[in-house]
Amino acid sequence: MRKRVIILGSTGSIGRAALDVADALRDRVEIVGLSAHARWRELALQACEFGAKAVAVSDEALLDGLRGGVGPGTRVFAGESALVDLVNDTEADFVLSAIVGAAGLAPTLAAVDRGLDVGLANKESLVVAGSLLMPLARERGSRLIPVDSEHSAIFQCLQAGRENEVRRLCLTASGGPFREWSVERIRDATLADALRHPTWDMGPKITIDSATMMNKALEVIEASLLFDMPAERIDVLIHPESIIHSMVEFVDGSVIAQLGAPDMRTPIQYAMTFPERLPKNGGAPDWARIRRLTLDPPDLGRFPALRLGYEAARIGGNAGAALNAANEAAVERFRSGGVRFGQIVELTQAVFDNHHNIQQPTLEDLLRTDAWAREEVAACLTHS
Ligand code: NAD
Ligand code: MG
């Protein structure tokens with residue numbers, strides 16, 4: 001039987017790459033459900049092409065358009081709870097969580113609660129609610145399989161040993177477009193500058209997070225939760241070639257790394273077909289052309305966001321929710337021209353430093369922290 005797959009966020013960068021993977025694996029993978037935020041026409045076309053049984057959009061006003069765009073055999077969900085309904089009411093084996101931001105939390109929680117295997121691209125849901133998602137996954141028998149390239153790499157490297165044989169994890173980072181820029185130049189970078197990622201072609205939010213290095217900060221928290229590893233045993237190294245996707249150091253000093261071309265279809269396919277490793281188009285990097293791989297320590301002076309990730313991972317509780325929401329709100333402001341690039345991390349830090357920590361938060365606590373942090377970003381700006 002083919003694996004029945006739901007893709008949440010199928011119109012995004014990861015979503016479209018996942019459909020490419022599914023297209024090449026039509027004998028192994030069946031697309032049963034798809035979701036989008038606003039681009040319902042593209043969603044309808046995808047549903048027709050892959051014969052999806054159900055589709056969802058988060059805006060109720062798009063219901064009629066979407067219904068007209070899909071065949072009569074496709075169920076249509078629209079509105080605030082549409083994505084959760086899609087997950088709860090569609091027979092499936094695997095859910096790819098590829099929505100951007102904390103908006104991905106509710107449907108990801110629903111998938112884990114159903115005991116389905118989840119391919120996790122939406123790192124924000126884990127950063128916000130890892131303290132609930134991880135134990136729930138264990139209780140329900142849901143496997144959280146990372147899609148983020150670094151975490152997929154670590155997940156693959158971990159197959160080389162036992163849990164108690166791991167000494168440290170090492171996340172690599174491209175360094176983003178401002179890797180060699182001065183603090184002054186970074187402060188006034190434009191939106192176009194921030195969107196010009198040197199090695200990866202991704203959605204706008206994560207591309208801006210890569211430019212501030214908040215993306216790596218979120219990834220430290222993500223790794224700490226996924227692999228149950230204290231932050232002080234997680235290193236970050238700048239690796240501009242984006243070929244070494246991450247590494248695991250074992251207790252005997254052996255280091256196992258996963259390497260490959262920077263193409264998200266590799267970790268997506270690995271997660272979708274795990275525990276199997278299936279053939280895929282495109283080979284290993286062209287070593288003769290690359291010749292040299294470099295690794296450098298990160299510069300926390302120019303990229304202070306990274307320190308916030310370590311701090312949030314160390315503090316735990318609702319710290320990740322505060323950090324993530326403040327960053328989401330600050331990035332939105334930057335995209336709409338309301339703040340300078342340098343203010344993204346300044347604002348995020350100011351709000352994060354002010355959050356009231358709750359060590360064992362409920363889901364309501366986390367949602368309240370998320371809403372509070374977004375309001376605080378707005379308040380900081382009206383008072384400045
Ligand atoms: P994107 O902006 O290209 O796509 C986002 C998708 O989420 C779209 O389908 C959009 O319709 C949907 N969406 C957005 N807001 C929504 C909302 N409020 N409610 C419901 N759906 C909503 O983003 P992306 O680059 O594909 O990233 C998706 C996730 O994967 C992010 O969490 C990102 O950090 C992670 N990730 C992405 C990459 C990459 O290469 N793009 C790599 C690693 C991790
Ligand atoms: Mg990553």
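Mentor: Helices are DSSP runs of H or I of at least four residues, numbered from the N terminus. The model under discussion is predicted.

Trainee: In which helix is T369 found?

Mentor: The run to look for covers residues 363-383. By the numbering from the N terminus, the helix that holds T369 is α17.

Trainee: Is T369 buried or exposed?

Mentor: The cut-off for buried is under 20% relative accessible area. T369 has a relative accessibility of 8%. Beyond its neighbours up to four places away in sequence, T369 touches N318, A321 and A322. Because 8% falls under the cut-off, T369 counts as buried.

Trainee: Into which domains is the protein divided, and how far apart do their C-alpha centres lie?

Mentor: Domain 1 spans 3-146, while domain 2 is made of 151-263 + 284-316. The distance between the C-alpha centres of domain 1 and domain 2 is 26 Å.

Trainee: Which three residues supply 49% of the area that domain 1 buries against domain 2?

Mentor: Contact between the domains involves 13 residues of domain 1 and 16 residues of domain 2. Together the two domains bury about 1100 Å², with 74% of it on carbon and sulfur atoms. On the side of domain 1, no other three residues supply more of the buried area than K123, V127 and P146.

Trainee: Where does the largest nonpolar core lie with respect to the domains?

Mentor: This core has 114 residues, and those touching the most other members are I31, L34, L66, F178, I268 and F341. Both domain 1 and domain 2 give residues to the core, so its place is between domain 1 and domain 2.

Trainee: How many residues does the other core hold?

Mentor: The other core lies apart from the largest one. Its members include A217, L218, I221 and A231, and its residues number 15.

Trainee: What is the relative accessibility of F178?

Mentor: F178 sits in the loop between β8 (166-173) and α8 (183-187). Leaving aside neighbours within four places in sequence, its contacts include I186, A211, R302, F303 and F341. F178 counts as buried, because its relative accessibility is 0%.

Trainee: What is the handedness of the crossover from β3 to β4?

Mentor: Strands β3 (residues 54-57) and β4 (residues 75-78) run parallel and are joined by 4 bridges. Within this pairing, V55 has V76 of β4 as its bridge partner. The chain passes from β3 through helix α3 (residues 63-69) to β4, and this β-α-β crossover is right-handed.

Notes. Residues numbered from 1 in each chain as written. Chains lettered and ligands numbered in written order. Predicted model: local features only at pLDDT ≥ 70, side-chain atom pairs only at ≥ 80, totals over all residues. Heavy atoms only, no water. Core = buried A, V, L, I, M, F, W, Y, C linked by side-chain atoms within 4.5 Å. Buried < 20%, exposed > 50% of the residue type's maximum accessible area, 1.4 Å probe, protein only. Domains from an automatic or database assignment. Pairing = 2+ DSSP bridges. Helix = DSSP H or I, 4+ residues; strand = E, 2+ residues; numbered from the N terminus. Right-handed = clockwise from strand over helix to strand, strands pointing away. Contact = heavy atoms within 4.5 Å. Buried area = accessible area lost by both parts, 1.4 Å probe.
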